[in-house]
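Me: Could you walk me through how to read a protein model, one feature at a time? I would like the general idea first, and then the case at hand.
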Amino acid sequence: AFLASHYNVCFMEHYLAPILAARGFGFLGWNTRFRGAEQWFLLEHALLDIAAGMRFLREEAGVETVVLLGNSGGGSLMAAYQSQATEPNVRATPGGSLPGGLDALVPGDFYVSLQAHVGRPEVFTDWLDPSVTDENDPLSVDPTLDMYAKENGPPYSADFVARYRAAQVARNERITDFALAELERCRKHGAMDRTFAIHRVWADPRLLDATLDPSDREVGRCYLGPAKMMNYSPFNIGATCTLRTWLSMWSLRTSQCRGAPHLARVKVPSLVLQSTADTGVFPEDGRRIHAALAAPDKELELFPGCHYLETPTGIREHVADRIVAFLAARGCAP
């Protein structure tokens, strides 16, 4: 059976579930307590929730072989689960403590990365608009770092991209500084946490410049529509979060949702699948995931299709067949 989960999105009706079921496999789209509640996410508790799904499959459903399906943001989450089950490593989020049971997770037998981001902090930073000069003002702009200013491109020069990427990291670090200092201030006042807003998170230069990490994607669009319009809208990942959620999920410095450290502990046979018309996950992401996996037995395939595999016709069936063939070649059949 397949076990799939995500940081925030409901996978109970995952698009691959009926297709894989028709091929004889079980599929458990398993939500953590943070389904639809991304702003309160804490990794250590989400891993315990996934463990409950694993126990159900093993102990109640009688499943002998479990395939961890890491789709989209769920790629790094399921890698974190397998990593913790293989070699316990998760630390308590600043301001909290580890719940019991994290050192007794049951690992999966296979790992499949499908349309997955390298890690939650990484994709957030890749999309983060570094031209914001005031975190309290969603319209503040440093024109020298504005990818939407025509004088900067596209196409973007190598110098602009280098400055831009460095400024994205710097903005992530500034927010982390704020979160740590504010969490300490909350503690001194007897408060557990607080929420805050993050503006402008649809600003990856690859959205407008097709020469950066070339693929078949539609240029100028993000997952929600026209990139610039959505960048100045309130509809973005991480729009609202608590201090501890920032530190647990989005911070480059403190988050344990970064992909590479966990992928380095994933040693089971692994398959990485990435489409070439995705507007938010790019071919380089698939290559980085494949390279970071510790599995001696691993494969990477790039294929046509958008992020949700709605186009071209038949691509979902192709992906399901590719996964089934990978498992069958290793003795795993329904």
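Reply: Happy to. Let us start with how elements get their names: helices and strands are DSSP runs, numbered from the N terminus. With that naming, Asp213 sits in the loop between β5 and β6. Keep in mind that this is a predicted model.

Me: How many helices and strands does the protein chain have?
Reply: There are ten helices and ten strands in the protein chain. The radius of gyration is 20 Å, close to the 20 Å that the globule rule gives for 334 residues, so the chain is as compact as a globular protein of that length. Along its principal axes, the C-alpha trace spans about 55 × 50 × 30 Å.

Me: What share of the residues in the protein chain is buried?
Reply: A residue is called buried when its relative accessible area is under 20%. By that cut-off, 57% of the 334 residues in the protein chain are buried. The accessible surface comes to about 13500 Å², and 55% of it belongs to carbon and sulfur atoms.

Me: And how should I read the charges?
Reply: Compare where the two signs sit on average. The protein chain has 32 positive and 39 negative charges, and their mean positions are 3 Å apart.

Me: Let us zoom in on a strand. How many residues of β3 are buried?
Reply: Five of the five residues in β3 (residues 67–71) are buried, so to speak of it as mostly covered is fair. Look at the two faces in turn: Val67, Leu69 and Asn71 lie on one side, Leu68 and Gly70 on the other, and all are buried.

Me: Which strands pair with β3?
Reply: Follow the bridges. Strand β1 (residues 2–4) runs parallel to β3 and is joined to it by three bridges; here Leu3 has Leu68 as its bridge partner. Strand β4 (residues 110–114) also pairs with β3 in the parallel sense, over five bridges, and in that pairing Gly70 is partnered by Ser113.

Me: Now the backbone. Where are the cis peptide bonds?
Reply: The angle to check is omega. The bond from Pro154 to Pro155 is cis, with omega near -5°, and Pro155 is in the loop between α4 (120–127) and α5 (158–188). Another cis bond joins Thr311 and Pro312, with omega about -5°. Pro312 belongs to the loop between β10 (298–303) and α10 (315–328).

Me: What about phi? Is Arg200 buried or exposed?
Reply: A positive phi deserves a look when the residue is not a glycine. Arg200 is such a case, with phi near 60°, in the loop between β5 (195–197) and β6 (221–222). Arg200 is buried, at a relative accessible area of 1%. Back to Asp213: this residue is not a glycine either, yet its phi is positive, about 50°. With a relative accessibility of 15%, Asp213 counts as buried.

Me: Last one: how do I read contacts that link distant parts of the sequence?
Reply: Set the separation in sequence beside the separation in space. Among contacts in the protein chain with a separation of 6 or more, 76% are between residues 24 or more positions apart. For a single example, take Val319 in helix α10, a buried residue with a relative accessible area of 1%. Val319 and Ile19 are 300 residues apart in sequence, while their C-alpha atoms are 9.7 Å apart in space.

Me: Which residues is Val319 in contact with, leaving aside its neighbours within four places in sequence?
Reply: They are Leu16, Leu114, Leu273, Phe303 and Leu309.

Technical notes
Residues are numbered from 1 along each chain as its sequence is written. This is a predicted model: local features need pLDDT of at least 70, side-chain atom pairs count only at pLDDT 80 or more; totals for chains, interfaces and linings use all residues. Side-chain values use heavy atoms; hydrogens and water are left out. Helices (H or I, at least four residues) and strands (E, at least two) are DSSP runs, numbered from the N terminus. The radius of gyration is taken over C-alpha atoms; the globule rule is 2.2 Å times the number of residues to the power 0.38. Buried means under 20% relative accessible area, exposed over 50%, partly exposed in between (1.4 Å probe, protein chains only). Contact means heavy atoms within 4.5 Å. Accessible areas come from the Shrake-Rupley method with a 1.4 Å probe; for residues, only the protein chains shown count as cover. Lys and Arg count as positive and Asp and Glu as negative; His and the chain ends are not counted. The place of a charge is taken as NZ of Lys, CZ of Arg, CG of Asp or CD of Glu. Two strands pair if DSSP finds at least two bridges between them.
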